Amino acid sequence: MSRIPRERTNPAGKRPGKTGRAGKDAPAVEPLNIVHGALPSREVILRFIADHPQKASKRELAKAFGLKGDSRVELKQMLQELEQEGMLQKNRKSLIRPGALPPVTVLDITTRDKDGDLIGRPAEWPEDQGVAPAVAIRQQSPAGRQGKGKAPVAGLGDRILAKIFPAVDRGGPAYTARIIKVIDRRRGASMGVFRTAPGGGGRLLPIERRGEEMVIDPDFTGGATDGDLVEVEIARLGRFGLPRAKVLSIVGSVGSEKAISMIAIHAHGIPHVFPPAVIAEAEAAKPANMSHREDWRDVPLITIDPADAKDHDDAVYAELDPSPDNPGGVIVTVAIADVSWYVRPNSPLDREALKRGNSVYFPDRVVPMLPERISNDLCSLKEGVDRPALAVRMSFSGEGRKIGHIFHRIMMKSAAKLSYQQAQAAIDGKPDDQTGPMLEPILKPLWHAYEVMKRGRDRRQPLELDMPERKILLKPDGRVDRVVVPPRLDAHKLIEEMMIQANVCAAETLEKKRQPLIYRIHDGPTLAKQEILREFLATLGISLAKGGNMRANNFNGILAKADGTPHQTMVSEMVLRSQSQAIYGPENIGHFGLNLMKYAHFTSPIRRYADLIVHRALVGSLGFGEGGITPDEEATLDDIAAEISTFERRAMAAERETVDRLIAHHLSGRVGEEFAGRVSGVTKSGLFVALPDYGADGFVPISTLGTDYFIYDEAHQALSGERTGLGYRLGDSVTVKLAEAIPLAGALRFEMVSEGREMPAAVRSFHKAGRRDRGQVRKKPGTRPPRGRH
């Protein structure tokens, strides 16, 4: 049996033909017809990007085709057209085909092919893009490339960072990959729900949709009882029958919050147990000394955090600027815990922090990036305790313009630990015994400084998309008590704006020092997404200008037009969907949403690895002593940025799925009841309906909507009956009945109770014009509703 062919070229630079297993010649890949110096056709551009993803930036394309002058301008226009048509999309600093993998991707090795080669799939993959593509893993020789160094070796169940290449063998997986590094060795453990069987032993019901049921023999139950969530390892694989497993540990009952969050932790491969070497290093750490530090222990810096916060990594202080050259100006000081002093490059603590990427927050637990000895003790800016920090003093004019800043490495002592609600109450005229004495000397100057900074923010006009964030409150037994929307206080906005400005200062300082760093970057909406939004807004009589130079205030204008109208929520959600996702990268493209040209995360090094890298870069470039960035780190910033961007998406998905499972469990006893909801998504297969009181979404399959034929209109975000003209649009208020709740999958299925409303004339004319090329879905008698979460 032949193995998956490796990518190679012949001396002429052309790919050779392939020979199949039966000896038949597979068609050779036709070489590109490239005329150096001539603008290539659209087809050639698309083919080149597919075959050379590592050379898919505008600069590399111009270089590959030898384009100069006007030809480069024409190439840029062609690429913009391809983006607008949805043929290309941006991925960090390069262009990729829609649905294609970026040049560097985090993969989970999930299986082997019939020849024994490892097959991986992307660790994170959008649900709306279907099944994640398979990738054939190329194992290198132990000597590594060109015989230099030691090549990383991975096995089944491992998570890897990989370089992606298009596959030459068109009959196998679409991609091959070279391992850059092994991120996590998962050791092949599985998780599921234990169900007892007559006569002893039991079965393991998988929690993953594609998981396999397993048999657990009586000697291998590990004391598990019916309904326990357990971790198992495969004890034996046979040629026939189900695999047999052995219980390794009992996580808890499937009804507890601990078990539900553990499902997400396991499903996404989130490291949650610190290795002994990491704990040992953390426990052995000693408090920082005064080496290369200024003594700021008399500065009344205070922390303002959620009431239940266990670690405090930022403190603030403000005062009027005494300089006569800055009338009406203020000086704002932000101090951030000096994690770089304790977590040194390539130490056990550092390697584990990079493997986690960030802390993950669930309703009743936190999976921290760093052990408690570091995060909750030595690096937490506790009240009245000496703590090391990096501080930035920022000067703002009376109009809110930042006119200067300077960084310091300090020793500080927090004057107070306040909650957001406590600080806000004091400003609102209800101080308590702690905040009363602080009101005039500390709190009022902070609020005055915020008012000054807000003038600059209002002039900058970042994207003002204020979507409510719901918080789940749990009972002592871990079950859902209620879902609340905490109020958005000025205290929250004050801390947020001060942290944003500190992040800007970090990026500006490091750029000035020509120091490599990791930026927080946010690209503008793609032309394809702009076009979808433009078509949708046109149905509401709202215009969106064409062109590739969109700014955040363009969207603010749209939100303002919709404010107070029945379409407000619908427009806000569509604007949100049009936005790109913020990521980390070593090359700066600015931050579209914040409308900032230079931005880097600096203010949360306890819980984000990106901030730790920025701290090290500041320490090294400013000569602040020990703990600076190393040349090895600088050389791998691209890989680090790719990893932590993936880990951030992993954390978001795990947090969201845990909430979904908790709410599904909470509502599982209320099947058959009716709920007030809002249409939050419209697809060809049905409607997503959100329950505002619970922060949950459920699905209404199109097959259950009625006897009419329903047509999907993407521009209007509507499903409407062809015969009656009645239907449902994004944002509609509806009543639904809970038909099914699946707690382990976090899935809710609804049946529509509300009658469809009469669709606007534009939707009806869409039907009559017969423009079904844009997507028509009919209710088919006997069609089974989709299973699980969509």
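User: What share of the contacts in the protein chain between residues at least 6 apart in sequence join residues at least 24 apart?

Analyst: In this predicted model, the share is 66%. The protein chain holds 17 helices and 36 strands, and 50% of its 790 residues count as buried.

User: Happy to start with a single residue, then. Why is A676 called exposed?

Analyst: Its relative accessibility is 59%, and the cut-off for exposed is over 50%. A676 therefore counts as exposed. A676 belongs to strand 28, which covers residues 674-683.

User: What makes A690, L691, P692 and V734 count as being touched by A676?

Analyst: A contact needs heavy atoms within 4.5 Å, and A676 has such contacts with A690, L691, P692 and V734, once residues up to four places away in sequence are set aside. As for V689, which is 13 residues from A676 along the chain, the two C-alpha atoms are separated by 9.5 Å.

User: Now to E633. Why is E633 described as buried?

Analyst: The relative accessible area of E633 is 7%. Buried means under 20%, so E633 is buried. E633 sits in helix 15, residues 631-635. Beyond its neighbours within four places in sequence, E633 is in contact with P345, Y609, I613, R616, G628 and I640.

User: And R551: what makes it partly exposed?

Analyst: The relative accessible area of R551 is 48%. Buried needs under 20% and exposed needs over 50%, with partly exposed in between, so R551 is partly exposed. R551 is placed in the loop between helix 11 (527-538) and helix 12 (552-562). Leaving out residues up to four places away in sequence, R551 touches F592 and N595. The C-alpha atoms of R551 and P525 are 9.5 Å apart, with their positions 26 residues apart along the chain.

User: Let's turn to helix packing. Why is helix 10 called oblique to helix 14?

Analyst: The axes of helix 10 (residues 490-512) and helix 14 (residues 609-621) cross at roughly 45 degrees and come within 10 Å. That angle makes helix 10 oblique to helix 14, because roughly parallel needs an angle under 35 degrees and roughly perpendicular starts at 65. Helix 10 passes helix 14 in a left-handed crossing.

User: Which residues make the contact of helix 10 and helix 14?

Analyst: Helix 10 contributes A506, T509 and L510, while helix 14 contributes V614, A617, L618 and S621. By kind, these residues divide into five nonpolar, two polar and no charged.

User: What about the cysteines? How many disulfides does a search of the whole structure find?

Analyst: The search finds zero disulfides. A pair would need cysteine sulfur atoms within 2.5 Å to count.

User: Are C379 and C505 buried or exposed?

Analyst: C379 has a relative accessible area of 2%, and C505 has a relative accessibility of 0%. The cut-off for buried is under 20%, so C379 is buried and C505 is buried as well.

User: On to the backbone. What is notable about phi of N346?

Analyst: Phi of N346 is near 65 degrees, a positive value in a residue other than glycine. Most residues other than glycine have a negative phi. N346 is located in the loop between strand 18 (330-337) and helix 6 (348-356). With 56% relative accessibility, against a cut-off of over 50%, N346 counts as exposed.

User: Where is H292 found?

Analyst: H292 is in the loop between helix 5 (276-284) and strand 15 (294-295). Phi of H292 is positive too, near 60 degrees.

User: Which residues of helix 8 are buried, and what covers them?

Analyst: The buried residues of helix 8, residues 420-427, are Y420, Q422, A423, Q424 and A426. Their cover includes strand 16 (302-305), strand 23 (416-419), helix 9 (439-460) and helix 10. After helix 8 comes G429, with a positive phi near 100 degrees.

User: To finish with helix 9, which residues does P445 touch, not counting residues up to four places away in sequence?

Analyst: P445, which is in helix 9, touches A318, L439 and E440. P445 and A318 are 127 residues apart in sequence, and their C-alpha atoms are 5.7 Å apart in space.

Key
Residues are numbered from 1 along each chain as its sequence is written. This is a predicted model: local features need pLDDT of at least 70, side-chain atom pairs count only at pLDDT 80 or more; totals for chains, interfaces and linings use all residues. Side-chain values use heavy atoms; hydrogens and water are left out. Helices (H or I, at least four residues) and strands (E, at least two) are DSSP runs, numbered from the N terminus. Buried means under 20% relative accessible area, exposed over 50%, partly exposed in between (1.4 Å probe, protein chains only). Axes are lines fitted to C-alpha atoms, for helices over the stretch in contact, and angles run from 0 to 180 degrees between N-to-C directions. Angles under 35 degrees count as roughly parallel, over 145 as roughly antiparallel, 65 to 115 as roughly perpendicular and the rest as oblique. A crossing is left-handed if the near helix is turned anticlockwise from the far one by less than a right angle, and right-handed if clockwise. Ala, Val, Leu, Ile, Met, Phe, Trp, Tyr, Cys and Pro count as nonpolar, Asp, Glu, Lys and Arg as charged, and the others, Gly among them, as polar.
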